[in-house]
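Work through the following exercises with the model at hand, and compare each step of the solutions with what you see.

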Amino acid sequence: MLLVHGMRTALFLLVVIQCVAAYRSYKNYKLLRVDVDPVDTLWLEQLAARYHDNVDIWTEPGKVSHHADILVSPRFFNRFVRILDSMAVKHRRVLINDIQKEIDRQMTDDIQFSRRKRSAAVEDDGRQSDLEQFQVDKYHSYGELVDYMYELARKHADIVGIINVTKSFEKRDLLGLKIGKRTPWKPTIFIDAGIHAREWIAPATAIYVAHKLITEYGKNDLITRMVDKFDWFIVPVANPDGYEYSISSDRLWRKTRSKNDTLSKWCVGADANRNWGYRWGEAGANASPCSNIYAGSMPFSEPEVAGIRDFITWQVPDLKLYISLHSYGQIWLAPWGYTNMKPSNHEDQKAAALRALDAITNSSGVHYEYGTIADLMYQASGTSIDYMQDRGVPYIYGVELRPEEDDQIYGFTIPARFIKPTGEEMLASFLALAEYIIEHKKL
Ligand SMILES: [Zn+2]
């Protein structure tokens with residue numbers, strides 16, 4: 001018995017050690033804000049691809065902001081400063097001194113491991129307490145979000161269904177919610193989030209919006225009308241492998257988790273928002289598998305991206321509005337990404353977007369900047385936004401959620417207390433867009 005107990009303890013310790021060892025530490029990694037010319041960022045991208053373990057671009061310089069947020073490892077820091085000197089980059093400041101402290105804070109304060117709490121609740125109150133136990137204003141694992149989506153579908157079967165989009169590279173079910181009355185051929189709103197793994201505020205916001213649409217249906221007039229009028233497809237975690245990896249192993253993981261042995265034995269994953277098939281591999285994407293903006297081995301090489309394309313092609317006959325949620329910067333982006341040119345329906349898209357921005361300001365008082373991707377930020381090709389524009393979807397936006405650029409910078413480790421206000425302002429903006437679309441498309 002003692003021997004068995006000893007073996008168990010040893011096994012437990014081994015598992016613990018493996019878990020700890022597997023978790024990437026960002027101790028003393030610094031987040032720097034540097035002023036960079038937005039038309040000359042190639043050197044920065046090449047630097048980040050070459051030294052991908054040491055340099056990580058969090059936000060690229062925009063035409064409005066003119067600065068980039070860059071995470072730099074302690075061992076590379078002095079060298080990085082010398083490189084900035086050689087590139088005549090004068091303005092830089094440290095935003096966060098030790099990003100690991102922020103990660104630790106988020107892991108202890110902001111994540112709700114509801115499954116553990118839930119099993120205790122099941123003993124006490126039975127399964128019906130599951131919905132109440134789930135806190136929409138905390139971060140959750142993918143498994144917990146999936147459990148919650150199934151609970152919503154069970155409890156609100158009249159307006160909620162589960163959609164099975166595809167299987168991820170690691171064979172997870174890529175699931176989402178369909179919210180709407182069961183009548184065929186309704187105009188559709190499709191919202192995805194979390195295509196970039198580390199942008200945790202995006203899946204949390206998508207779940208928050210879904211939760212409100214469902215639980216306020218029949219109580220709130222505007223929500224009831226918009227759920228009656230449209231089918232709302234919400235895919236809260238479009239890159240579940242990456243999302244889980246960002247929880248279990250590397251908080252700052254961005255890409256998918258696909259492995260391509262012929263191209264790269266060491267670097268895993270592709271940027272799922274550079275992998276779409278329109279103008280794939282042009283400006284603002286990288287051909288190096290180690291780059292954080294690696295476009296993939298070919299268009300739609302990532303099963304998650306191909307799956308969403310196929311789902312929209314075969315299951316969504318009348319897509320009116322496509323929104324992709326990202327973080328961060330409080331920026332409301334429209335097509336195109338690959339070029340500075342404007343699409344022919346740019347003015348209509350802009351008018352709708354301005355309505356959405358008004359709704360955000362009315363909801364929370366917060367300001368989001370509006371523009372095309374190429375105009376406001378930088379050129380980026382192979383994005384879902386450009387793909388949807390090419391397909392002829394009339395209204396398409398990518399949203400970089402909170403935080404805004406002010407004194408208090410959280411970046412990707414934004415505390416969970418911001419989920420509710422971010423969710424509220426997004427809900428308000430989506431409802432305003434829905435109203436605009438009803439008016440302008442005469443629905
Ligand atoms: Zn993103």
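**Exercise 1.** Determine which residue of S4 is the bridge partner of Arg33, and place the pair in its sheet.

*Solution.* In this predicted model, Arg33 has Arg93 as its bridge partner in S4, where strands are DSSP runs (E, at least two residues; helices are H or I, at least four), numbered from the N terminus. Strand S1 (residues 30–35) and S4 are joined by four bridges in the antiparallel sense, and two strands count as paired if DSSP finds at least two bridges between them. The next step is the sheet itself, an open one of four strands in the order S2-S3-S1-S4 with antiparallel pairing. Strand S2 (55–59) and strand S4 (92–96) stand at its edges with a single partner strand each, so one side of each has no neighbour in the sheet.

Residues are numbered from 1 along each chain as its sequence is written. Local features need pLDDT of at least 70 and side-chain atom pairs count only at pLDDT 80 or more, whereas totals for chains, interfaces and linings use all residues, and side-chain values use heavy atoms, with hydrogens and water left out.

**Exercise 2.** Find which strands pair with S5 and S10, and describe the sheet that holds them.

*Solution.* Begin with S5, which pairs with strand S6 (residues 173–179) in the antiparallel sense over seven bridges; within this pair, Val160 has Ile179 as its bridge partner in S6. Strand S10 (residues 331–334), by contrast, runs parallel to strand S11 (residues 369–372), to which four bridges join it, and Ile331 stands opposite Glu369 in S11. Finally, these strands belong to an open sheet of eight strands, ordered S5-S6-S8-S7-S9-S12-S10-S11, in which the pairing is mixed. Strand S5 (160–167) and S11 stand at the edges, each with a single partner strand, so one side of each is left without a neighbour in the sheet.

**Exercise 3.** Identify which protein atoms are donors of the zinc ion, and explain why their arrangement is irregular.

*Solution.* The donors are His196 (ND1), Glu199 (OE), Glu199 (OE) and His326 (ND1), at 2.0 to 2.4 Å from the zinc ion; donors are N, O and S atoms within 2.8 Å of the metal (3.2 Å for Na, K and Ca), and water is not among the atoms, so sites may look incomplete. The four donor atoms subtend angles of 57 to 148 degrees, which makes the arrangement irregular, because four donors count as tetrahedral if all angles lie between 85 and 135 degrees, four count as square planar and six as octahedral if opposite donors are over 155 degrees apart and all others between 65 and 115, and anything else is irregular. Along the chain, the donors follow the spacing H-x2-E-x126-H.
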